[in-house]
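Here is my notebook from a first look around a new structure. Come along as I look things up one by one.

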Amino acid sequence: MKKAFLIKYAEIGIKGKNRFLFEDALVNNIKSALEKVEGEFDVTKESGRIYVLPSTDYDFDEVVDALSHVFGIVGICPMHQVEDEGFDALADRVIEYIKESYDEVNFTFKVHSRRARKNYPMESMEINAALGSKILEAFPETSVDVHNPQEMINVEIRNSINIYSKTLPGPGGMPVGTAGKAMLLLSGGIDSPVAGWMTAKRGVKVDAVYFHAPPYTSERAKQKVVDLAKLVSKYSGPMNLYVVNFTDIQMYIYDKCPHDELTIIMRRYMMKIAEHFAKVEGSHGLITGESIGQVASQTMQSLAATNEVCTIPVFRPVIAFDKQEIVDISLKIGTYETSILPYEDCCTTFVAKHPVTKPNINIIKRSETNLAEKIDEMFEEAINTAELIEIK
(Lines give C-alpha, C1' and ligand atoms only; values in the text may rest on other atoms or scores of the structure.)
Protein backbone atom coordinates (compact mmCIF):
# COMPACT_ATOMS: atom_id res chain seq x y z
CA MET A 1 0.00 0.00 0.00
CA LYS A 2 1.30 3.43 -0.96
CA LYS A 3 0.15 6.81 0.25
CA ALA A 4 -0.15 9.22 -2.64
CA PHE A 5 -2.16 12.12 -4.06
CA LEU A 6 -4.60 11.97 -6.93
CA ILE A 7 -4.68 15.30 -8.78
CA LYS A 8 -7.97 16.31 -10.36
CA TYR A 9 -8.31 18.79 -13.19
CA ALA A 10 -11.42 20.08 -14.95
CA GLU A 11 -11.13 22.29 -18.02
CA ILE A 12 -8.13 20.39 -19.35
CA GLY A 13 -10.38 17.36 -19.68
CA ILE A 14 -12.46 18.94 -22.46
CA LYS A 15 -9.46 19.70 -24.64
CA GLY A 16 -9.18 17.78 -27.90
CA LYS A 17 -6.16 16.18 -29.54
CA ASN A 18 -3.78 18.63 -27.84
CA ARG A 19 -4.98 17.74 -24.34
CA PHE A 20 -1.67 16.00 -23.64
CA LEU A 21 0.12 19.37 -23.94
CA PHE A 22 -1.92 20.78 -21.07
CA GLU A 23 -1.48 17.62 -19.00
CA ASP A 24 2.27 17.69 -19.56
CA ALA A 25 2.41 21.37 -18.57
CA LEU A 26 0.47 20.63 -15.39
CA VAL A 27 2.81 17.73 -14.54
CA ASN A 28 5.86 19.97 -15.02
CA ASN A 29 4.33 22.77 -12.91
CA ILE A 30 3.54 20.29 -10.12
CA LYS A 31 7.14 19.05 -10.21
CA SER A 32 8.40 22.64 -9.97
CA ALA A 33 6.09 23.41 -7.03
CA LEU A 34 7.25 20.28 -5.16
CA GLU A 35 10.92 21.22 -5.54
CA LYS A 36 10.39 23.58 -2.59
CA VAL A 37 9.09 20.74 -0.39
CA GLU A 38 11.40 18.42 1.53
CA GLY A 39 11.23 14.91 0.12
CA GLU A 40 11.24 13.20 -3.25
CA PHE A 41 8.17 12.80 -5.44
CA ASP A 42 7.31 11.09 -8.68
CA VAL A 43 4.66 12.94 -10.70
CA THR A 44 3.08 10.76 -13.36
CA LYS A 45 0.06 10.76 -15.63
CA GLU A 46 -1.92 7.70 -16.59
CA SER A 47 -5.23 7.40 -18.44
CA GLY A 48 -6.57 10.83 -17.56
CA ARG A 49 -5.19 10.75 -14.03
CA ILE A 50 -2.22 12.61 -12.54
CA TYR A 51 -0.54 11.15 -9.48
CA VAL A 52 1.93 12.54 -6.96
CA LEU A 53 3.76 9.55 -5.51
CA PRO A 54 6.11 10.27 -2.58
CA SER A 55 9.21 8.07 -2.52
CA THR A 56 10.48 9.41 0.83
CA ASP A 57 9.00 10.80 4.03
CA TYR A 58 7.23 14.13 3.57
CA ASP A 59 5.23 16.77 5.41
CA PHE A 60 1.58 16.39 4.41
CA ASP A 61 0.66 20.03 5.00
CA GLU A 62 3.64 21.31 3.01
CA VAL A 63 2.75 19.13 0.03
CA VAL A 64 -0.89 20.22 0.09
CA ASP A 65 0.13 23.89 0.36
CA ALA A 66 2.48 23.56 -2.62
CA LEU A 67 -0.18 21.82 -4.73
CA SER A 68 -2.86 24.35 -3.75
CA HIS A 69 -0.85 27.06 -5.55
CA VAL A 70 -0.65 25.23 -8.89
CA PHE A 71 -3.11 26.54 -11.48
CA GLY A 72 -4.89 23.76 -13.32
CA ILE A 73 -5.56 21.69 -10.20
CA VAL A 74 -9.18 21.68 -9.01
CA GLY A 75 -8.87 18.91 -6.43
CA ILE A 76 -6.15 17.26 -4.33
CA CYS A 77 -7.17 13.79 -3.13
CA PRO A 78 -4.98 12.12 -0.48
CA MET A 79 -5.32 8.43 -1.25
CA HIS A 80 -4.07 4.92 -0.65
CA GLN A 81 -2.91 3.11 -3.77
CA VAL A 82 -2.93 -0.68 -3.51
CA GLU A 83 -2.28 -3.62 -5.78
CA ASP A 84 -5.10 -5.93 -6.87
CA GLU A 85 -4.92 -8.94 -4.55
CA GLY A 86 -8.58 -9.91 -4.73
CA PHE A 87 -11.75 -8.50 -3.22
CA ASP A 88 -11.14 -9.58 0.40
CA ALA A 89 -7.75 -7.84 0.39
CA LEU A 90 -9.36 -4.76 -1.13
CA ALA A 91 -12.03 -4.68 1.59
CA ASP A 92 -9.30 -4.89 4.25
CA ARG A 93 -7.46 -1.98 2.62
CA VAL A 94 -10.62 0.16 2.50
CA ILE A 95 -11.29 -0.49 6.20
CA GLU A 96 -7.64 0.32 6.98
CA TYR A 97 -7.96 3.56 4.97
CA ILE A 98 -11.07 4.62 6.93
CA LYS A 99 -9.42 3.89 10.28
CA GLU A 100 -6.43 5.97 9.33
CA SER A 101 -8.35 8.86 7.75
CA TYR A 102 -11.05 9.50 10.36
CA ASP A 103 -10.76 10.15 14.08
CA GLU A 104 -14.45 9.36 14.55
CA VAL A 105 -16.26 6.89 12.33
CA ASN A 106 -19.91 7.77 12.91
CA PHE A 107 -20.93 9.20 9.54
CA THR A 108 -23.24 8.27 6.73
CA PHE A 109 -21.46 7.07 3.62
CA LYS A 110 -21.74 5.82 0.09
CA VAL A 111 -19.27 3.68 -1.81
CA HIS A 112 -18.62 4.86 -5.36
CA SER A 113 -16.50 2.49 -7.39
CA ARG A 114 -15.22 3.01 -10.90
CA ARG A 115 -14.10 -0.06 -12.81
CA ALA A 116 -11.76 1.46 -15.40
CA ARG A 117 -10.12 -1.95 -15.81
CA LYS A 118 -12.94 -4.03 -17.26
CA ASN A 119 -11.34 -7.41 -16.58
CA TYR A 120 -11.97 -7.01 -12.85
CA PRO A 121 -14.29 -9.89 -11.91
CA MET A 122 -16.94 -7.75 -10.19
CA GLU A 123 -19.02 -4.96 -11.71
CA SER A 124 -19.23 -1.53 -10.10
CA MET A 125 -22.64 -2.05 -8.47
CA GLU A 126 -21.45 -5.34 -6.97
CA ILE A 127 -18.31 -3.69 -5.60
CA ASN A 128 -20.38 -0.87 -4.08
CA ALA A 129 -22.74 -3.26 -2.31
CA ALA A 130 -20.06 -5.69 -1.14
CA LEU A 131 -17.72 -2.97 0.18
CA GLY A 132 -20.65 -1.19 1.84
CA SER A 133 -21.47 -4.38 3.74
CA LYS A 134 -17.86 -4.80 4.84
CA ILE A 135 -17.71 -1.19 6.09
CA LEU A 136 -20.99 -1.55 8.03
CA GLU A 137 -19.66 -4.74 9.59
CA ALA A 138 -16.38 -3.11 10.61
CA PHE A 139 -17.97 0.18 11.79
CA PRO A 140 -21.51 -0.49 13.12
CA GLU A 141 -21.95 3.19 14.02
CA THR A 142 -21.94 4.15 10.33
CA SER A 143 -24.90 3.95 7.98
CA VAL A 144 -25.44 4.05 4.24
CA ASP A 145 -27.03 7.09 2.57
CA VAL A 146 -26.95 6.82 -1.21
CA HIS A 147 -28.60 10.21 -1.79
CA ASN A 148 -26.82 12.64 0.55
CA PRO A 149 -23.88 10.89 2.25
CA GLN A 150 -21.56 12.72 4.59
CA GLU A 151 -18.61 10.79 3.15
CA MET A 152 -18.09 9.36 -0.34
CA ILE A 153 -15.71 6.40 -0.34
CA ASN A 154 -14.19 6.30 -3.82
CA VAL A 155 -12.59 3.16 -5.19
CA GLU A 156 -11.02 3.28 -8.66
CA ILE A 157 -10.08 -0.05 -10.23
CA ARG A 158 -7.16 0.68 -12.54
CA ASN A 159 -3.74 -0.96 -13.00
CA SER A 160 -3.51 -0.28 -9.29
CA ILE A 161 -6.52 0.52 -7.09
CA ASN A 162 -7.05 4.03 -5.72
CA ILE A 163 -8.93 4.55 -2.45
CA TYR A 164 -9.85 8.06 -1.36
CA SER A 165 -12.68 10.06 0.20
CA LYS A 166 -11.43 13.60 0.74
CA THR A 167 -10.92 16.24 -1.96
CA LEU A 168 -9.00 19.34 -0.94
CA PRO A 169 -9.58 22.38 -3.18
CA GLY A 170 -7.06 23.53 -5.75
CA PRO A 171 -6.99 26.99 -7.36
CA GLY A 172 -8.51 25.83 -10.67
CA GLY A 173 -7.72 27.54 -13.95
CA MET A 174 -5.24 26.40 -16.58
CA PRO A 175 -1.56 25.44 -16.23
CA VAL A 176 0.73 28.47 -16.37
CA GLY A 177 2.68 28.56 -19.60
CA THR A 178 -0.05 27.19 -21.86
CA ALA A 179 -1.45 30.57 -22.95
CA GLY A 180 1.50 32.80 -23.81
CA LYS A 181 3.10 35.62 -21.81
CA ALA A 182 2.03 39.07 -20.62
CA MET A 183 3.60 42.01 -18.78
CA LEU A 184 1.89 43.21 -15.60
CA LEU A 185 2.05 46.87 -14.55
CA LEU A 186 2.52 46.13 -10.85
CA SER A 187 1.95 48.91 -8.33
CA GLY A 188 1.83 48.68 -4.58
CA GLY A 189 -1.97 48.72 -4.53
CA ILE A 190 -4.65 46.08 -4.14
CA ASP A 191 -5.80 45.80 -7.75
CA SER A 192 -2.74 44.98 -9.87
CA PRO A 193 -1.60 41.87 -7.95
CA VAL A 194 -5.15 40.51 -8.29
CA ALA A 195 -5.10 41.27 -12.02
CA GLY A 196 -1.79 39.42 -12.40
CA TRP A 197 -3.10 36.44 -10.42
CA MET A 198 -6.29 36.28 -12.49
CA THR A 199 -4.39 36.35 -15.77
CA ALA A 200 -1.94 33.69 -14.61
CA LYS A 201 -4.94 31.55 -13.67
CA ARG A 202 -5.81 31.37 -17.36
CA GLY A 203 -2.41 29.85 -18.12
CA VAL A 204 -0.52 33.07 -18.94
CA LYS A 205 3.13 33.41 -17.90
CA VAL A 206 3.41 36.77 -16.11
CA ASP A 207 6.34 39.16 -15.79
CA ALA A 208 6.04 42.61 -14.20
CA VAL A 209 7.20 46.22 -14.36
CA TYR A 210 7.13 48.66 -11.45
CA PHE A 211 7.57 52.44 -11.71
CA HIS A 212 9.67 53.80 -8.87
CA ALA A 213 10.00 57.54 -8.11
CA PRO A 214 12.77 58.21 -5.60
CA PRO A 215 12.97 60.26 -3.43
CA TYR A 216 9.17 60.69 -3.56
CA THR A 217 8.73 56.96 -3.07
CA SER A 218 10.88 55.13 -0.54
CA GLU A 219 12.86 51.90 -0.69
CA ARG A 220 10.13 50.43 1.52
CA ALA A 221 7.63 51.14 -1.28
CA LYS A 222 9.88 49.27 -3.70
CA GLN A 223 10.28 46.35 -1.28
CA LYS A 224 6.51 46.23 -0.88
CA VAL A 225 6.17 45.68 -4.64
CA VAL A 226 8.89 43.01 -4.59
CA ASP A 227 6.99 41.27 -1.80
CA LEU A 228 3.76 41.45 -3.81
CA ALA A 229 5.54 39.97 -6.82
CA LYS A 230 6.74 37.09 -4.64
CA LEU A 231 3.19 36.45 -3.43
CA VAL A 232 1.82 36.40 -6.98
CA SER A 233 4.69 34.19 -8.15
CA LYS A 234 3.65 31.50 -5.66
CA TYR A 235 0.87 30.85 -8.17
CA SER A 236 2.31 32.18 -11.42
CA GLY A 237 5.81 30.77 -11.13
CA PRO A 238 9.12 32.66 -11.51
CA MET A 239 8.84 36.16 -12.96
CA ASN A 240 11.12 38.96 -14.07
CA LEU A 241 10.35 42.26 -12.30
CA TYR A 242 11.62 45.41 -13.98
CA VAL A 243 12.00 48.40 -11.64
CA VAL A 244 11.96 51.61 -13.69
CA ASN A 245 13.13 54.94 -12.25
CA PHE A 246 10.29 57.22 -13.35
CA THR A 247 11.11 60.34 -11.35
CA ASP A 248 12.66 62.44 -14.11
CA ILE A 249 9.87 61.71 -16.57
CA GLN A 250 7.23 62.52 -13.96
CA MET A 251 8.89 65.81 -13.01
CA TYR A 252 9.29 66.77 -16.66
CA ILE A 253 5.60 66.10 -17.35
CA TYR A 254 4.71 68.00 -14.18
CA ASP A 255 6.69 71.04 -15.39
CA LYS A 256 5.56 71.02 -19.03
CA CYS A 257 1.94 69.80 -19.12
CA PRO A 258 -1.42 70.99 -17.72
CA HIS A 259 -1.86 69.59 -14.25
CA ASP A 260 -5.33 68.24 -14.87
CA GLU A 261 -3.79 66.01 -17.59
CA LEU A 262 -0.83 64.79 -15.51
CA THR A 263 -2.24 61.38 -14.64
CA ILE A 264 -3.24 60.54 -18.21
CA ILE A 265 0.05 61.64 -19.76
CA MET A 266 2.13 59.87 -17.10
CA ARG A 267 0.03 56.78 -17.60
CA ARG A 268 0.62 56.88 -21.35
CA TYR A 269 4.38 56.90 -20.84
CA MET A 270 4.12 54.07 -18.35
CA MET A 271 2.27 52.03 -20.96
CA LYS A 272 4.96 52.79 -23.56
CA ILE A 273 7.74 51.70 -21.23
CA ALA A 274 5.84 48.60 -20.12
CA GLU A 275 5.29 47.67 -23.76
CA HIS A 276 9.02 47.97 -24.40
CA PHE A 277 9.78 45.41 -21.68
CA ALA A 278 6.87 43.25 -22.82
CA LYS A 279 8.51 42.98 -26.22
CA VAL A 280 11.88 42.24 -24.59
CA GLU A 281 10.24 39.29 -22.79
CA GLY A 282 8.30 38.11 -25.83
CA SER A 283 4.99 38.96 -24.18
CA HIS A 284 1.76 39.19 -26.15
CA GLY A 285 0.02 41.86 -24.06
CA LEU A 286 -0.02 44.14 -21.02
CA ILE A 287 -1.99 43.57 -17.80
CA THR A 288 -3.34 46.34 -15.57
CA GLY A 289 -5.51 46.41 -12.47
CA GLU A 290 -7.83 49.11 -13.79
CA SER A 291 -11.56 49.01 -13.01
CA ILE A 292 -14.07 51.24 -14.79
CA GLY A 293 -14.82 54.41 -12.85
CA GLN A 294 -12.75 53.57 -9.78
CA VAL A 295 -10.59 56.72 -10.17
CA ALA A 296 -10.35 59.54 -12.70
CA SER A 297 -7.75 57.72 -14.81
CA GLN A 298 -10.07 54.74 -15.16
CA THR A 299 -13.05 56.26 -16.93
CA MET A 300 -13.81 54.87 -20.38
CA GLN A 301 -12.35 57.99 -22.00
CA SER A 302 -9.19 57.81 -19.88
CA LEU A 303 -8.67 54.13 -20.62
CA ALA A 304 -9.07 54.83 -24.34
CA ALA A 305 -6.46 57.60 -24.07
CA THR A 306 -3.90 55.30 -22.43
CA ASN A 307 -4.66 52.43 -24.80
CA GLU A 308 -3.95 54.67 -27.77
CA VAL A 309 -0.18 54.48 -27.27
CA CYS A 310 -0.08 50.67 -27.23
CA THR A 311 0.53 48.39 -30.18
CA ILE A 312 -0.19 45.17 -28.24
CA PRO A 313 -3.41 44.23 -26.38
CA VAL A 314 -4.08 45.52 -22.88
CA PHE A 315 -5.82 43.03 -20.59
CA ARG A 316 -7.81 44.31 -17.61
CA PRO A 317 -9.13 41.28 -15.68
CA VAL A 318 -10.84 43.33 -12.94
CA ILE A 319 -12.39 45.88 -15.31
CA ALA A 320 -15.98 45.20 -14.18
CA PHE A 321 -15.27 44.37 -10.52
CA ASP A 322 -16.18 46.69 -7.68
CA LYS A 323 -13.59 47.35 -5.00
CA GLN A 324 -14.92 44.84 -2.50
CA GLU A 325 -14.82 42.04 -5.06
CA ILE A 326 -11.16 42.83 -5.73
CA VAL A 327 -10.43 43.01 -1.99
CA ASP A 328 -12.06 39.60 -1.50
CA ILE A 329 -9.73 38.01 -4.05
CA SER A 330 -6.68 39.76 -2.57
CA LEU A 331 -7.59 38.30 0.84
CA LYS A 332 -8.00 34.87 -0.72
CA ILE A 333 -4.58 34.91 -2.42
CA GLY A 334 -2.74 36.57 0.48
CA THR A 335 -1.77 39.91 -1.07
CA TYR A 336 -4.16 42.22 0.82
CA GLU A 337 -2.12 42.79 3.99
CA THR A 338 0.97 43.72 1.95
CA SER A 339 -1.01 45.93 -0.45
CA ILE A 340 -2.40 48.11 2.35
CA LEU A 341 1.00 48.89 3.87
CA PRO A 342 1.24 52.73 3.93
CA TYR A 343 4.00 53.26 1.38
CA GLU A 344 3.08 55.54 -1.52
CA ASP A 345 3.69 54.60 -5.14
CA CYS A 346 4.55 57.01 -7.94
CA CYS A 347 0.95 57.24 -9.17
CA THR A 348 -0.36 58.66 -5.89
CA THR A 349 2.60 61.00 -5.35
CA PHE A 350 1.93 63.14 -8.42
CA VAL A 351 -1.86 62.94 -8.59
CA ALA A 352 -3.59 66.15 -9.69
CA LYS A 353 -6.14 67.82 -7.40
CA HIS A 354 -8.72 68.00 -10.19
CA PRO A 355 -7.77 65.46 -12.88
CA VAL A 356 -9.59 65.43 -16.19
CA THR A 357 -12.09 62.56 -16.32
CA LYS A 358 -13.00 62.76 -20.02
CA PRO A 359 -9.73 63.51 -21.78
CA ASN A 360 -9.78 64.44 -25.46
CA ILE A 361 -7.04 62.47 -27.19
CA ASN A 362 -6.20 65.33 -29.55
CA ILE A 363 -5.75 67.76 -26.65
CA ILE A 364 -3.60 65.21 -24.81
CA LYS A 365 -1.36 64.77 -27.85
CA ARG A 366 -1.07 68.53 -28.23
CA SER A 367 0.05 68.81 -24.60
CA GLU A 368 2.61 66.08 -25.16
CA THR A 369 4.31 68.20 -27.83
CA ASN A 370 5.58 70.30 -24.91
CA LEU A 371 7.76 67.32 -24.00
CA ALA A 372 9.41 66.94 -27.39
CA GLU A 373 12.76 68.46 -26.43
CA LYS A 374 13.81 65.84 -23.86
CA ILE A 375 11.23 63.07 -23.56
CA ASP A 376 12.84 60.62 -26.02
CA GLU A 377 16.17 60.89 -24.26
CA MET A 378 14.52 60.45 -20.85
CA PHE A 379 12.53 57.49 -22.15
CA GLU A 380 15.75 55.77 -23.26
CA GLU A 381 17.43 56.60 -19.95
CA ALA A 382 14.54 55.05 -17.98
CA ILE A 383 14.72 51.87 -20.05
CA ASN A 384 18.50 51.57 -19.93
CA THR A 385 18.75 52.10 -16.16
CA ALA A 386 15.89 49.78 -15.21
CA GLU A 387 16.75 47.22 -12.54
CA LEU A 388 15.87 43.59 -13.25
CA ILE A 389 14.90 41.51 -10.23
CA GLU A 390 14.35 37.77 -10.69
CA ILE A 391 11.46 36.61 -8.55
CA LYS A 392 11.56 32.90 -7.75
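My entries below go from the whole chain down to one hairpin.

**Whole chain.** I began by noting that this is a predicted model. I then looked up the secondary structure and found 14 helices and 15 strands in the protein chain.

**Overall dimensions.** How does the radius of gyration sit beside that of a compact globule of 392 residues? I read 27 Å for the protein chain, where such a globule would have a value near 21 Å. I also checked the box that the C-alpha atoms fill, and along the principal axes it comes to roughly 85 × 40 × 35 Å.

**Inside and outside.** I looked up burial next, and 51% of the 392 residues count as buried. For the accessible surface of the chain I noted about 18600 Å², with 50% of it belonging to carbon and sulfur atoms.

**Contacts.** I took the contacts with a separation of 6 or more and asked what share joins residues 24 or more positions apart. The share is 79% in this chain.

**Charges.** I counted up the charged side chains and got 43 positive and 55 negative ones. The centres of these two sets lie 6 Å apart.

**One hairpin.** Which way do strands β2 and β3 run, parallel or antiparallel? I found β2 (residues 41-46) and β3 (residues 49-54) antiparallel, with six bridges joining them. Picking out T44, I saw that its bridge partner in β3 is Y51. Two residues lie between the strands of this hairpin, and I noted that S47 takes a positive phi near 50°.

Key
Residues are numbered from 1 along each chain as its sequence is written. This is a predicted model: local features need pLDDT of at least 70, side-chain atom pairs count only at pLDDT 80 or more; totals for chains, interfaces and linings use all residues. Side-chain values use heavy atoms; hydrogens and water are left out. Helices (H or I, at least four residues) and strands (E, at least two) are DSSP runs, numbered from the N terminus. The radius of gyration is taken over C-alpha atoms; the globule rule is 2.2 Å times the number of residues to the power 0.38. Buried means under 20% relative accessible area, exposed over 50%, partly exposed in between (1.4 Å probe, protein chains only). Contact means heavy atoms within 4.5 Å. Accessible areas come from the Shrake-Rupley method with a 1.4 Å probe; for residues, only the protein chains shown count as cover. Lys and Arg count as positive and Asp and Glu as negative; His and the chain ends are not counted. The place of a charge is taken as NZ of Lys, CZ of Arg, CG of Asp or CD of Glu. Two strands pair if DSSP finds at least two bridges between them.
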